[in-house]
Amino acid sequence: MKVLVLNGPNLGRLGRREPGVYGHTSYNELVELCIDWGRELGYDVEVRQTNHEGDLLDWLNEAADEHTPVVLNAGAWTHYSYALFDACAQLTAPLVEVHLSNPEQRPEEFRHTSVVTPHAKAVVVGKGVEGYREALQSL
Ligand code: DQA
């Protein structure tokens, strides 16, 4: 079964971006880990990242058309993009939301809202890159 692991803005700099918050694993390492974890579960995992919101919307529309399960870390778009809310709402296969940090426990008020959660089958937060393994398992 094909699974899309979709990552939003700034996640391509994983390992270099605020490592105290997001950890030292690089984005390329995350990609390899997700592919390996997926293989163990019998999934054909494709991992993508974009800093352009329209790309993410296109990929979610593709997932809707192809009935593809999605693991989604939408980064900051999680907190305010109503276009993302709508794109997630139309998915027919399972959607699992993942965040490296735990946005609810961070001081910035804006992180305490998620437009993805209402559509997610499961939400995995605060477990770093390991959270992606858990997200794949919970699909
Ligand atoms: C994040 C949390 C978001 O609040 C933040 O904007 C990110 C990363 C996480 O994985 O912890 O870019 O989604």
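1. Let's start with the order of the pieces. Reading from the N terminus, the protein chain goes β-α-α-β-α-β-α-β-β-α. That makes five helices and five strands. Keep in mind that this is a predicted model.

2. How compact is the protein chain? Its radius of gyration is 14 Å, close to the 14 Å that the globule rule gives for 139 residues, so the chain is as compact as a globular protein of that length. If you like box sizes, the C-alpha trace spans about 35 × 35 × 25 Å along its principal axes.

3. Now for the inside. Of the 139 residues in the protein chain, 35% count as buried. Have a look at the contacts too: among those between residues at least 6 apart in sequence, 75% join residues at least 24 apart.

4. On to the sheet. What is the order of its strands? The order is S2-S1-S3-S4-S5, in an open sheet of five strands with parallel pairing. Strand S2 (44-49) and S5 are at the edges with a single partner strand each, so one side of each has no neighbour in the sheet. On average, neighbouring strands of this sheet are turned by 15 degrees against each other, ignoring direction. As general background, strands of a sheet pair through backbone hydrogen bonds, either parallel or antiparallel.

5. Zoom in on one pair. S1 and S3 run parallel and are joined by four bridges. You can find one partnership by eye: asparagine 7 has asparagine 73, in S3, as its bridge partner.

6. Next, a helix on the sheet. Which strands does helix H3 (residues 53-66) lie across? H3 lies across S1, S2 and S3, and runs at about 160 degrees to S1.

7. Don't skip the last helix. In helix H5 (residues 130-137), the buried residues are Gly131, Tyr132, Arg133, Ala135 and Leu136. What do they pack against? The buried residues of H5 pack against strand S1 (2-7), helix H2 (27-40), strand S3 (70-73), strand S4 (95-99) and strand S5 (122-125).

8. Finally, the ligand. The residues around the ligand are Asn10, Asn73, Gly75, Ala76, Thr78, His99, Leu100, Ser101, Pro103 and Arg111. Sorted by class, this shell has three nonpolar, six polar and one charged residues. You've already met one of them: Asn73 is around the ligand, and asparagine 73 is also the bridge partner of asparagine 7.

Key
Residues numbered from 1 in each chain as written. Predicted model: local features only at pLDDT ≥ 70, side-chain atom pairs only at ≥ 80, totals over all residues. Helix = DSSP H or I, 4+ residues; strand = E, 2+ residues; numbered from the N terminus. Rg over C-alpha atoms; globule rule 2.2 N^0.38 Å. Buried ≥ 20, exposed ≤ 12 C-beta atoms within 10 Å, placed from the backbone. Contact = placed C-beta atoms within 7 Å. Near = placed C-beta within 6 Å. Nonpolar A, V, L, I, M, F, W, Y, C, P; charged D, E, K, R; others polar. Pairing = 2+ DSSP bridges. Axes fitted to C-alpha atoms, helices over the stretch in contact; angles between N-to-C directions.
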